Amino acid sequence: MKIKCLKCNDIIESLSKHDFKYCKCKACFIDGGNAYTRVGGDLKYIHWVYDDGTEKELNTNIKR
């Protein structure tokens, strides 16, 4: 899975378990590859990026 940071327009991808990546401006991160996907940072600036290049907003309606 890939994500795009809307602050710096960086697209980052975690390729394997424990492959932690920050975007250039450090506003968001991705980790876990296909084993698990963990994203974090300023969630309003994160879009999912799919293999076909399309993007979708990160669902931020998560109840804690």
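Q: Which residues is Lys 7 in contact with, leaving aside its neighbours within four places in sequence?
A: This is a predicted model, in which local features need pLDDT of at least 70, side-chain atom pairs count only at pLDDT 80 or more, and totals for chains, interfaces and linings use all residues. Residues are numbered from 1 along each chain as its sequence is written, and side-chain values use heavy atoms, with hydrogens and water left out. Contact means heavy atoms within 4.5 Å. On that basis, and without neighbours up to four places away, the partners of Lys 7 are Cys 25, Ala 27 and Tyr 45.

Q: Where is the place of Lys 7?
A: Strands are DSSP runs of E with at least two residues, and helices are runs of H or I with at least four, numbered from the N terminus. S1 covers residues 2–5 and S2 covers residues 11–13. Lys 7 lies in the loop between S1 and S2.

Q: How many Å apart in space are Lys 7 and Asp 42?
A: In sequence, Lys 7 and Asp 42 are 35 residues apart. In space, C-alpha to C-alpha, the distance between Lys 7 and Asp 42 is 9.7 Å.

Q: How many helices and strands does the protein chain have?
A: Read along the sequence, the pattern is β-β-β-β-β-β-β. The protein chain has 0 helices and 7 strands.

Q: Why is the protein chain described as compact?
A: The radius of gyration is taken over C-alpha atoms, and the globule rule is 2.2 Å times the number of residues to the power 0.38. For 64 residues that rule gives 11 Å, and the protein chain comes close to it, so it is as compact as a globular protein of that length. The radius of gyration is 11 Å.

Q: In what order do the 4 strands of the open sheet stand?
A: Two strands pair if DSSP finds at least two bridges between them. S1 and S2 are joined by 3 bridges, S1 and S6 by 4, and S6 and S7 by 3. The pairing is antiparallel, and the order is S2-S1-S6-S7.

Q: Why is one side of S2 and of S7 left without a neighbour in the sheet?
A: S2 and S7 each have a single partner strand, so one side of each has no neighbour in the sheet. The place of both S2 and S7 is at the edges.

Q: Which residue is the bridge partner of Ile 3 in S6?
A: Ile 3 also has a bridge partner in S2, namely Ile 12. Elsewhere along the S1–S6 pairing, Cys 5 stands opposite Ile 46. In S6, the partner of Ile 3 is Trp 48.

Q: Which residue in the turn of the S6 and S7 hairpin has a positive phi?
A: S6 and S7 have 5 residues between them, and their pairing sets His 47 opposite Glu 57 in S7. The positive phi is about 95° and belongs to Gly 53.

Q: Which residue takes a positive phi in the hairpin of S1 and S2?
A: This hairpin has 5 residues between the strands. The phi is near 65°, and the residue is Asn 9.

Q: Which strands are the edge strands of the open sheet of 3 strands?
A: The order in this antiparallel sheet is S3-S4-S5. S3 and S4 are joined by 2 bridges, with Tyr 22 opposite Phe 29 in S4. The strands that pair on one side only are S3 (21–22) and S5 (38–41).

Q: How many residues make up the largest nonpolar core?
A: A nonpolar core is a set of buried Ala, Val, Leu, Ile, Met, Phe, Trp, Tyr and Cys residues joined through side-chain atoms within 4.5 Å. Buried means under 20% relative accessible area, exposed over 50%, and partly exposed in between, with a 1.4 Å probe and protein chains only. S1, S4 and S6 each supply at least two residues of this core. Its members include Ile 3, Cys 28, Trp 48 and Leu 58, and the total is 10 residues.

Q: Which residues of S6 are buried on the side opposite Ile 46 and Trp 48?
A: Both faces of S6 are covered, with Ile 46 and Trp 48 buried on one side. On the other side, the buried residues are His 47 and Val 49.
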